[in-house]
Amino acid sequence: MTDTITRLGEKAIIDEEGNVSGWLAPFGGPFNGKDLEGEFFSPRTEFALSTYPALPIMYAHGRDPEIEDAKVGSVAIKEIRDRGVWVQGQLDKQSQYYDVIRELAAKADVYWSSGAAPKFIKRDAKSGEIRKWPIIEATLTLIPANPLAEATVKEITTTTETTTETTMTIEDGG
């Protein structure tokens, strides 16, 4: 078990070259502007993005019994945009888990989750706003942040050079 607190982001976009991008820490949430725990990031949240030049990309915050805490890539670009923290990185093609993660992404099952050290996190207990969340890692996970969100899957077929888009709604089973 690690001493990292985690928050879920949105669907990760992974292309055929292993480039990965998406919203690591989106503002607001699907449930009256909050997440399942009644909390949310806002434009006022301090993410301390300049602390580390690159963030490690992990799988399941190092909690997967097979992959454990193996670093599977790096995030080099971290930007605060209108919807939250946008990241871009690269999966490590030398990682023994590279093909597994790419295969999961092809099934539209990989999402972002951010990790922060508990000692530095600050929350407004009354509103649920997360005021300080210094991100120390970016994780790819099978657990979506928003069980009601629509995800768009791009499937690239190299033989015909066509792109198809499929939109699916992930239903909340609970």
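Select Glu137 first: this residue belongs to strand S10, which spans residues 135-141. Strands are DSSP runs of E with at least two residues, helices are runs of H or I with at least four, and both are numbered from the N terminus. The model is predicted, so local features need pLDDT of at least 70 and side-chain atom pairs count only at pLDDT 80 or more, while totals for chains, interfaces and linings use all residues. Residues are numbered from 1 along each chain as its sequence is written, and side-chain values use heavy atoms, with hydrogens and water left out.

Keep Glu137 selected and display its surroundings. Glu137 is buried, a term for under 20% relative accessible area, with exposed meaning over 50% and partly exposed in between (1.4 Å probe, protein chains only). Glu137 has no salt bridge, that is, no side-chain nitrogen of Lys or Arg within 4 Å of a carboxyl oxygen of Asp or Glu. Add Arg63, the nearest side chain of opposite charge, which is 6.7 Å away; Lys and Arg count as positive, Asp and Glu as negative, and His and the chain ends are not counted. Next, add Thr139, whose side chain makes a polar contact with that of Glu137 at 2.6 Å. A polar contact is a pair of N or O atoms within 3.5 Å; within protein, one must be able to donate a hydrogen and the other to accept it, and residues adjacent in sequence count only if both atoms are side-chain atoms.

Turn now to the salt bridges, of which there are six. Select Glu17 and Lys93, whose side chains meet in one of them (3.3 Å, N to O). This pair links distant parts of the chain, 76 residues apart: Glu17 is in the loop between strands S2 (13-14) and S3 (19-26), and Lys93 in the loop between strand S6 (84-91) and helix H1 (98-106). Glu17 is partly exposed at 42% relative accessible area, and Lys93 is partly exposed at 45%.

Move next to Glu129 and Arg44, which form a salt bridge at 3.0 Å, N to O. These two residues are 85 apart in the chain, with Glu129 in the loop between strands S8 (122-123) and S9 (130-132) and Arg44 in the loop between S3 and strand S4 (55-59). Glu129 is buried, at 1% relative accessible area, whereas Arg44 is exposed, at 61%.

Finally, add Arg131, which forms a salt bridge with Glu129, the closest N and O atoms being 2.7 Å apart. Select Asp124 as well: salt bridges with shared partners join Arg44, Asp124, Glu129 and Arg131 into one network.
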